[in-house]
Amino acid sequence: MRKHRWLIGVVASILIIILGFVIQVEYGADESDRVIVDYTLNLYSAPECFNEAGFTNDISDATYGEVEESGEFLPESSCTAVAFQTSRGPLWFAWFMS
């Protein structure tokens with residue numbers, strides 16, 4: 001049995017790697033991600049898209065989870081929509097892309 005211990009380890013490692021590519025999960029924006037909210041226009045923006053947003057002075061920051069929970073705010077542009085979209089893919093991609 002001691003002679004084959006390394007073989008069991010290799011087989012288990014290969015199985016874990018294969019399962020990482022087979023198991024499909026959703027990944028994307030986290031509920032704790034920061035957004036900028038314009039209360040006058042009822043829009044929100046991702047921080048990387050804020051410079052192009054035509055917001056008024058009535059802005060504040062919030063989390064993506066709070067904005068989604070309220071349901072009254074829309075993304076201000078396609079840049080924000082892409083920044084917060086969710087995707088479905090292999091478990092390995094979800095771990096390394098997020």
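This is a working chat about a predicted model.

Trainee: Let's start with Ser45. Where does Ser45 sit?

Mentor: Ser45 belongs to strand S3, which covers residues 43–45.

Trainee: Buried or exposed?

Mentor: Buried, because its relative accessibility comes out at 0%.

Trainee: And what does the side chain of Ser45 reach?

Mentor: The backbone nitrogen of Phe50, at 3.5 Å.

Trainee: Which residues is Ser45 in contact with, leaving aside neighbours within four places in sequence?

Mentor: Val35, Ile36, Phe50, Ala53, Phe55, Glu76 and Thr80. So Phe50 turns up both in that contact list and as the partner of the Ser45 side chain, through its backbone nitrogen, around a residue that counts as buried at 0%.

Trainee: OK, switching to the surface. Which residues form the nonpolar patch?

Mentor: Trp6, Leu7, Val10, Val11, Ile14, Leu15, Ile18, Leu19, Val22 and Ile23. Together they have about 920 Å² of accessible area.

Trainee: Take Ile18 from that set. Where is Ile18 placed?

Mentor: In helix H1, residues 5–22. With a relative accessible area of 45%, Ile18 is partly exposed.

Trainee: What about the segment before H1, which residue lies there?

Mentor: His4 is one residue in that segment. His4 is partly exposed, at a relative accessible area of 49%.

Trainee: How many residues apart are His4 and Tyr39 in sequence, and how many Å apart in space?

Mentor: They are 35 residues apart in sequence, and their C-alpha atoms are 65 Å apart in space.

Trainee: And Leu19 from the patch, what separates its C-alpha atom from that of Glu72?

Mentor: A separation of 40 Å, with the two residues 53 apart along the chain. Glu72 is in the loop between H2 and S5, and at 48% relative accessibility it counts as partly exposed.

Trainee: Back to Tyr39, then. Where is Tyr39 found?

Mentor: In the loop between S2 and S3. Tyr39 is partly exposed, with a relative accessible area of 39%.

Trainee: What does Tyr39 touch, not counting residues up to four places away in sequence?

Mentor: Asp58, Ser60 and Phe73. As for Gly65, its C-alpha is 16 Å from that of Tyr39, and the two are 26 residues apart in sequence.

Trainee: Anything else in that S2 to S3 loop?

Mentor: Asn42 is placed there as well. Its phi is near 55°, a positive value in a residue other than glycine. Asn42 is partly exposed, with 32% relative accessible area.

Trainee: Now rings. How many aromatic pairs does a search of the whole structure find?

Mentor: Six. One of them joins Tyr39 and Phe73: the ring centres are 5.7 Å apart and the planes sit at 75°, so the pair is edge-to-face.

Trainee: Why does that pair tie together separate parts of the sequence?

Mentor: Because Tyr39 lies in the loop between strand S2 (34–38) and S3, while Phe73 lies in the loop between helix H2 (64–70) and strand S5 (74–75), so the parts it ties together are 34 residues apart in sequence. Tyr39 is partly exposed at 39%, whereas Phe73 is buried, with a relative accessible area of 11%.

Trainee: What about Tyr64 and Phe84, which kind of aromatic pair do they form?

Mentor: A stacked one, 4.5 Å centre to centre with 5° between the planes. That pair links distant parts of the chain, 20 residues apart: Tyr64 is in helix H2, and Phe84 is in the loop between helix H3 (78–83) and strand S6 (87–90).

Trainee: Buried or exposed, those two?

Mentor: Both Tyr64 and Phe84 are buried. They also join Tyr44 in one aromatic cluster.

Trainee: Last topic, charges. How many salt bridges does a search of the whole structure find?

Mentor: One. Asp61 pairs with Arg34, with the closest N and O atoms 3.6 Å apart.

Trainee: Where are Asp61 and Arg34 in the chain?

Mentor: Asp61 is in strand S4 (residues 59–63) and Arg34 is in strand S2, so the salt bridge links distant parts of the chain, 27 residues apart.

Trainee: And what are their accessibilities?

Mentor: Asp61 counts as partly exposed at 47% relative accessibility. Arg34 is partly exposed too, with a relative accessible area of 44%.

Terms used: Residues numbered from 1 in each chain as written. Predicted model: local features only at pLDDT ≥ 70, side-chain atom pairs only at ≥ 80, totals over all residues. Heavy atoms only, no water. Helix = DSSP H or I, 4+ residues; strand = E, 2+ residues; numbered from the N terminus. Buried < 20%, exposed > 50% of the residue type's maximum accessible area, 1.4 Å probe, protein only. Polar contact = N/O pair within 3.5 Å; in protein donor to acceptor, adjacent residues only side chain to side chain. Contact = heavy atoms within 4.5 Å. Patch = residues over 30% accessible without salt bridge, like charges linked within 9 Å, V, L, I, M, F, W, Y side chains within 5 Å. Areas by Shrake-Rupley, 256 points an atom, 1.4 Å probe, with all protein chains shown as cover. Salt bridge = Lys/Arg side-chain N within 4 Å of Asp/Glu carboxyl O. Phe/Tyr/Trp six-rings, centres within 6.5 Å; stacked < 30°, edge-to-face > 60°.
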